[in-house]
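Trainee: Before we discuss this protein, I should like to see how each structural term is justified. May I question the terms one at a time?

Mentor: Please do; here is the structure.

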Amino acid sequence: MSSTSFTSLSFNTASSWNLKRREGGKAYVRCGSRASSENTVRVGVLGASGYTGSEVLRLLANHPQFGVALLTADRKAGQPIASVFPHLATQKLPDLIAVKDADFSYVDAVFCCLPHGTTQEIIRGLPNHLKIVDLSADFRLRDISEYEEWYGQPHRAPELQKEAIYGLTEILREEIRNARLVANPGCYPTSIQIPLVPLIKAKLIDIKNIIIDAKSGVSGAGRSVKENLLYTEVAEGINSYGVTRHRHVPETEQGLSDAAHSKVTISFTPHLMPMIRGMQSTIYVEMAPGVSTEDLYQQLKRSYENEEFAVLLGNGVVPRTHSVRGTNYCLINVFPDRIPGRAIIISVIDNLVKGASGQALQNLNLMMGFPENLGLHYQSLFP
């Protein structure tokens, strides 16, 4: 069921923070006057000192049913979150602790925001009662040999890989609803699959000739200090990276191949842009014989007319990254190419929200039986 059927739900997101305590002195936070200590879902954020972890916390500030019970960050253990992210100083949150010191007995669900390659063993050691949304790439690829090829290390939890559900919400909603472990999609694959999957399923485009030119803000590279991400290296310029070998290629091809019931290989080149947030994928496709760009437009309209976060714009309106900044929306449109028989599809997302933490929250809402749009009613900050 689409989240739009719940949009009339009323809750007070402006109510004050409340600090609740359980037996043993454990604390968690809730917001929204509808939540209570009996029905609040107690959430942990593992890797809370990174961009995706901080974005999860920003979104949870307006969630009426989720309360933050646990924050981990090994290198920042013992510090208050405000010392790491001053913009979160107004939230009453637990201090950061090391993962090894975490007590999960009073937690219902976790967002795992740890780096690729470190997540598998940690998730394998978590209690079975937890609902888990993993924002790393560690459980996205069903084929563990493909994971080893693209990520350069063996998969350390193959038994969990069989259980993991890929979390592209608009496409796999029912599977996500019943999952215990969800592998949250990457940002580029989200921006590409949302417009392409309905068109491939309807056999409207040639799956052998898909070209994707994608651009991302610098926050997509994470918060670690890297020379190529210094201001002087990024500002006033643009550069391609991961040419022919970007790690999101097999994930994207896996989803498109599922839609086609046949192997799909894409031509994909990502670019780093001198901006903090935002992602645009410009996709060049060859249409099937007799298909027009209007057919593509109408198929996307039918596919997403009842969706809240996948939005097809009006004819001729060009999607802009400014229009999704800080939001969970994916804006899409289709244009005729000058070359007969070809079309250009443009989609934009905020790489940290729909491309990461927002989609993760959308997924956990589903997993916990809540309307999937709870905590995600943010409009773009513009200009």
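Mentor: Let us begin with a pair of charged side chains in this predicted model. Glu372 forms a salt bridge with Arg173.

Trainee: What makes the contact of Glu372 with Arg173 a salt bridge?

Mentor: The closest N and O atoms of Glu372 and Arg173 are 2.7 Å apart. The criterion asks for a side-chain nitrogen of Lys or Arg within 4 Å of a carboxyl oxygen of Asp or Glu, so the pair qualifies.

Trainee: Why is this pair said to tie together parts of the chain?

Mentor: Glu372 lies in the segment after helix H11 (353-367) and Arg173 in helix H6 (residues 173-177), so the salt bridge joins parts that are 199 residues apart in sequence. Both Glu372 and Arg173 are buried.

Trainee: Which other salt bridge links distant parts of the chain?

Mentor: Arg277 and Glu55 meet through their side chains at 2.9 Å, N to O. Arg277 is in the loop between strand S12 (267-272) and strand S13 (279-286), whereas Glu55 belongs to helix H1, 222 residues apart. Both of these residues are buried. Glu55 and Arg277 are also linked with Arg58 and Asp350 in a network of salt bridges. The structure holds 17 salt bridges.

Trainee: How do you know whether Asp213 and Lys215 are buried or partly exposed?

Mentor: Buried requires under 20% relative accessible area and exposed over 50%. Asp213 has 23%, so Asp213 is partly exposed. Lys215 stands at 22% and therefore counts as partly exposed. The side chains of Asp213 and Lys215 also meet in a salt bridge, at 2.7 Å from N to O.

Trainee: What makes the side chains of strand S10 an alternating set?

Mentor: Ile212, Ala214 and Ser216 point to one face and are buried, while Ile211, Asp213 and Lys215 point to the other face and are not. In a regular strand the side chains alternate between the two faces of the sheet.

Trainee: How do you know that S10 pairs with S13 and S12?

Mentor: Two strands pair if at least two bridges are found between them. Strand S10 (residues 211-216) and S13 have six bridges in the antiparallel sense, so the requirement is met. Asp213 has Thr282 as its bridge partner in S13, and Ile211 has Tyr284 there. S10 and S12 also share six bridges, in the parallel sense, with Ala214 opposite Pro270 in S12.

Trainee: Why is the pairing in the sheet that holds these strands called mixed, and which are its edge strands?

Mentor: The open sheet has seven strands in the order S11-S12-S10-S13-S16-S15-S14, with mixed pairing. S10 is parallel to S12 but antiparallel to S13. S13 in turn runs antiparallel to strand S16 (residues 342-349), to which eight bridges join S13; Glu286 has Arg342 as its bridge partner in S16. The edge strands are strand S11 (239-240) and strand S14 (310-312), each of which pairs on one side only.

Trainee: What makes strand S4 mostly covered, and which strands pair with S4?

Mentor: Seven of the seven residues of strand S4 (residues 66-72) are buried. Strand S3 (residues 41-46) pairs with S4 over six bridges in the parallel sense, and Val43 has Val68 as its bridge partner in S4. The chain crosses from S3 through helix H1 (residues 51-60) to S4 in a right-handed β-α-β crossover. S4 also pairs with strand S5 (residues 96-97) in the parallel sense over two bridges, and Thr72 has Ile97 as its bridge partner in S5. Pairing asks for at least two bridges, so S4 and S5 also meet the rule.

Trainee: Why is the protein called as compact as a globular protein of its length?

Mentor: The secondary structure comes to eleven helices and 16 strands. The radius of gyration is 20 Å, close to the 21 Å that the globule rule gives for 383 residues, so the protein is as compact as a globular protein of that length. Of the 383 residues, 55% count as buried.

Definitions and conventions. Residues numbered from 1 in each chain as written. Predicted model: local features only at pLDDT ≥ 70, side-chain atom pairs only at ≥ 80, totals over all residues. Heavy atoms only, no water. Buried < 20%, exposed > 50% of the residue type's maximum accessible area, 1.4 Å probe, protein only. Helix = DSSP H or I, 4+ residues; strand = E, 2+ residues; numbered from the N terminus. Right-handed = clockwise from strand over helix to strand, strands pointing away. Rg over C-alpha atoms; globule rule 2.2 N^0.38 Å.
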